[in-house]
Amino acid sequence: MLATLQVGAASLQVAPISVELAAGEQAEALWLSNTGDQPIQAQVRVMAWSQDASGDRLDPSRELLPSPPIVEIAPGQRQLVRIVRPQAAAVPSERAFRLLVDELPSPQQSPSSGLQFLLQYSVPVFVLPQGATPQDAPGPRPATDVSALSASVEGTGDDARLTVVNRGTRRVRLSELSRVDASGAEAPLVAGLVGYVLAGQRMQWPLSLPPDGLRGASLRVRLNDDQDPQILPLSPPTP
């Protein structure tokens, strides 16, 4: 979620915080709520999400369509926006998008009345390949298969960088990254979210490592919503 400085407390809320469309599914729901005491307007845009050497890339897309794309929401009310997939053909690998939900400036707002904080939410959306089970499906599910992942670390100290390649057909979300030395002692590196690696793509993140880098050590990370973290498959670290 991003906030743009433009009066009053922020009142736009968005749910859910991520969306999945199963194979053949043509629409999913996004709810926009107004928790304030004034009407608000919001706009929903769809961006195709990919990753390259420079990081995440967002490009306008019409593979998914928000209906309606612009809404006005009364105080204390909420509005349904359907995220429609006009062509529900099967995909061999998961397709990734971002919904950019922008709170629009109030036309009644006087420029001299002060500062306005306009919210922007960025909601991940995934179109699943045939046979894939949604990650938020109820019931137990197996741990994420790490065999489709490969990782490498370059450099040491504050100049280290972690690269993760995902050869699988589903995205992987990494969080709670830690360094585990040869004795099993664990030192946290990233307490929360590291980031996503989309299907068939790669991502890179900065790391802060000790002077000896990962020599004799490994990386442990939580993948998606797995109950237990796993050791990340690593090629030999570069000194």
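# Exercises on a predicted model

**Exercise 1. Place Arg179 in the fold, decide whether it is buried or exposed, and find a polar partner for its side chain.**

Step 1. Arg179 belongs to strand 14, which covers residues 172–180. The model is a predicted one.

Step 2. The relative accessibility of Arg179 is 11%. Buried means under 20%, so Arg179 is classed as buried.

Step 3. A polar atom of the Arg179 side chain lies 2.9 Å from the backbone oxygen of Gly213. The cut-off for a polar contact is 3.5 Å, and the pair of Arg179 and Gly213 is at 2.9 Å.

**Exercise 2. Describe the nonpolar cores and the surroundings of Leu32.**

Step 1. Start with the largest nonpolar core, which has 25 residues. Leu12, Leu32 and Val101 have the most contacts inside it.

Step 2. Two or more residues of this core come from each of these elements: strand 2, strand 3, strand 4 (27–34), strand 5 (40–52), strand 8, strand 9 (78–84), strand 10 (95–103) and strand 11 (117–127).

Step 3. Set aside residues up to four places away in sequence; Leu32 then touches, among others, Leu12, Val14, Ala42, Val44, Val71, Ile73, Val81 and Val101. The contacts of Leu32 also include Gln13, Gln77, Arg78 and Gln79.

Step 4. A second core, separate from the one around Leu32, has 22 residues, including Ala160, Val194, Leu207 and Leu209.

Step 5. As background, nonpolar side chains in soluble globular proteins tend to be buried together.

**Exercise 3. Characterise Val125 by element, burial, contacts and its separation from Pro211.**

Step 1. Val125 is part of strand 11.

Step 2. With a relative accessibility of 0%, Val125 is buried.

Step 3. Beyond its neighbours within four places in sequence, Val125 contacts Val19, Leu21, Leu64, Arg95, Ala96, Phe97 and Leu99.

Step 4. Between Val125 and Pro211 there are 39 Å in space, C-alpha to C-alpha, and the two are 86 residues apart in sequence.

**Exercise 4. Give the volume of the largest cavity, and list and classify its lining.**

Step 1. The largest cavity holds about 30 Å³ of space.

Step 2. Its lining consists of Glu63, Leu64, Arg85, Val91, Arg95, Phe97 and Val127.

Step 3. By class, the lining has four nonpolar residues, three charged and no polar. Leu64, Val91, Phe97 and Val127 are nonpolar, while Glu63, Arg85 and Arg95 are charged.

Step 4. Leu64, Arg95 and Phe97, which line the cavity, are also among the contacts of Val125.

**Exercise 5. Locate the cis peptide bonds and the positive phi values.**

Step 1. Recall that most peptide bonds are trans, and that most residues other than glycine have a negative phi.

Step 2. The bond from Ala15 to Pro16 is cis, with omega near 0°. Pro16 sits in the loop between strand 2 (12–15) and strand 3 (19–21).

Step 3. The bond from Ser67 to Pro68 is also cis, with omega near 0°. Pro68 sits in the loop between strand 7 (65–67) and strand 8 (70–73).

Step 4. Glu176, not a glycine, has a positive phi of about 55°. Glu176 is in strand 14, and its relative accessible area of 38% makes it partly exposed.

Step 5. Asn224 likewise has a positive phi, near 55°. Asn224 lies in the loop between strand 17 (218–223) and strand 18 (230–231), and at 7% relative accessibility Asn224 is buried.

Conventions:
Residues are numbered from 1 along each chain as its sequence is written. This is a predicted model: local features need pLDDT of at least 70, side-chain atom pairs count only at pLDDT 80 or more; totals for chains, interfaces and linings use all residues. Side-chain values use heavy atoms; hydrogens and water are left out. Helices (H or I, at least four residues) and strands (E, at least two) are DSSP runs, numbered from the N terminus. Buried means under 20% relative accessible area, exposed over 50%, partly exposed in between (1.4 Å probe, protein chains only). A polar contact is a pair of N or O atoms within 3.5 Å; within protein, one must be able to donate a hydrogen and the other to accept it, and residues adjacent in sequence count only if both atoms are side-chain atoms. On a 1 Å grid over the protein atoms alone, a cavity is a set of points where a 1.4 Å probe fits but cannot get out, and a pocket is an open set with protein on both sides within 12 Å along at least five of seven lines; lining residues have an atom within 4 Å of a point. Grid points are joined across faces, edges and corners, and a volume is the space filled by probe spheres set on the points. A nonpolar core is a set of buried Ala, Val, Leu, Ile, Met, Phe, Trp, Tyr and Cys residues joined through side-chain atoms within 4.5 Å. Contact means heavy atoms within 4.5 Å.
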